[in-house]
Amino acid sequence: MSLQKNSYPPWSNKLLAVLPESEYEHLVSHLKLVPLSIHQVLYEAAEPITHVYFPSKAVVSIVTTMEDGSTAEVGLASSEGMVGIPVILGDSITTTTAFVQVAGFGMKIDADIVRTEFNRGGAFQSLLLRYVQAVYTEVAQGCACNRLHTIEERLARWLLTVSDRLESDNFPLTQEFIAQMLGVRRSGVTVAASTLSRAGMISYRRGQINILNREALEITSCECYQVIQNEFERLLGKKPNKRSNKIF
C-alpha cells in the first residue's frame, strides 16, 4: 500500500501523542512510517532487537514458543504502546517473538536511538517506564486469568482488548489463531465463540469478528479486563498533543 502525504497522522500512536513537543522533536527525524503486514515478524526470540515500533491501527502479539512448537500469547501491543521493551530495560534480547496479528501501520525507529533518548531521562523515560508498569499489570493479571477463569471469560476479555487497541468492533481473526494466542485447543475456542455468538454478543464469519453487544461482552468477561483497562488509563491516560502531519 502506498503512503500518501499527510494521509497518516504521526501522533496516532498514543505514546508518541502525549510526549511534550520538545522531546518529540528529538525523535521525529528518526521515525519512519512503515506498513505492518499480517504475520510480519518484528523481532525473533534469542536475536538482538534492532528496531522499536510504535504501532497504530495494527495489533502485534508477543508470544512464547515451546519446544514442541506450541505458542501462547504473553503480551499485546497496538496504538497504546510500543514493540521492543527489552531495549529500554538494559538488553536487546528476549525469549519472546513479536509478530503482527492485525495489519496496519507503525512508526519504526532504530533501537539505539530509543536507548539513547531513554537514557537522557525526562518525559520520554518516564512515559515508557509507566508503559512498562502497565504491561507488567497486563501480564500478571493474564497469568491469574489463564489459571482461574473460563475460556468464555478469557475470550471475551481478549476480544474486548483487541477491539480497544484497534478502536473498532470489527476485525479479522481466525479461531485457530485465537486458540494459539489463548494457549487452548481450537475446539475450546469454537465452543466458546459459539456461546458468545448464540447470545448475540459477537458474530463470526470467514475469519471476521464483529462485536454486536459490547455491554453484554463486558459483563461476560472476567474482572481482568477492567483491571487492565483501568491501569492503562491511570498510567497513560493523557490527552494527545496536536501536531502537524509529517512524513518520515
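This tour moves from the whole chain to three loop residues of a predicted model.

**The whole chain**

Begin with the complete protein in cartoon representation. Its secondary structure consists of nine helices and 10 strands. The radius of gyration is 18 Å, close to the 18 Å given by the globule rule for 248 residues, so the protein is as compact as a globular protein of that length. Align the view with the principal axes: the C-alpha atoms then occupy a box of roughly 50 × 40 × 35 Å.

Next, colour the chain by burial. Of the 248 residues, 48% are buried. A contact map would add the following: among contacts with a separation of 6 or more, 77% are between residues 24 or more positions apart.

Now display the molecular surface. The protein exposes about 12,200 Å², and carbon and sulfur atoms supply 52% of that area. Selecting the charged side chains gives 24 positive and 25 negative ones. The centres of these two sets lie 6 Å apart.

**The loop between strands E1 and E2**

Select His 39, which is placed in the loop between strand E1 (32-36) and strand E2 (41-43). Inspect the backbone here: phi of His 39 is near 70°, a positive value in a residue other than glycine. With a relative accessibility of 53%, His 39 counts as exposed, since the cut-off for that class is over 50%.

**The loop between helix H5 and strand E8**

Move on to Glu 167, in the loop between H5 and E8. Glu 167 also has a positive phi, near 55°, and is a residue other than glycine. Its relative accessibility is 52%, and Glu 167 therefore counts as exposed, the threshold being over 50%.

Then select Asp 169, located in the loop between helix H5 (151-166) and strand E8 (170-172). Is Asp 169 buried or exposed? Neither class applies: Asp 169 is partly exposed, at 33% relative accessible area, because that class covers values between under 20% and over 50%.

Show the surroundings of Asp 169 as sticks. Leaving aside residues up to four places away in sequence, Asp 169 touches Ser 163, Ile 209, Asn 210, Ile 211 and Arg 214. Which of these side chains should be picked for a distance label? Choose Ser 163, whose side chain is joined to that of Asp 169 by a polar contact of 3.0 Å.

Finally, draw a distance from Asp 169 to Gln 226, 57 residues away along the chain. The C-alpha atoms of Asp 169 and Gln 226 are separated by 17 Å.

Methods:
Residues are numbered from 1 along each chain as its sequence is written. This is a predicted model: local features need pLDDT of at least 70, side-chain atom pairs count only at pLDDT 80 or more; totals for chains, interfaces and linings use all residues. Side-chain values use heavy atoms; hydrogens and water are left out. Helices (H or I, at least four residues) and strands (E, at least two) are DSSP runs, numbered from the N terminus. The radius of gyration is taken over C-alpha atoms; the globule rule is 2.2 Å times the number of residues to the power 0.38. Buried means under 20% relative accessible area, exposed over 50%, partly exposed in between (1.4 Å probe, protein chains only). Contact means heavy atoms within 4.5 Å. Accessible areas come from the Shrake-Rupley method with a 1.4 Å probe; for residues, only the protein chains shown count as cover. Lys and Arg count as positive and Asp and Glu as negative; His and the chain ends are not counted. The place of a charge is taken as NZ of Lys, CZ of Arg, CG of Asp or CD of Glu. A polar contact is a pair of N or O atoms within 3.5 Å; within protein, one must be able to donate a hydrogen and the other to accept it, and residues adjacent in sequence count only if both atoms are side-chain atoms.
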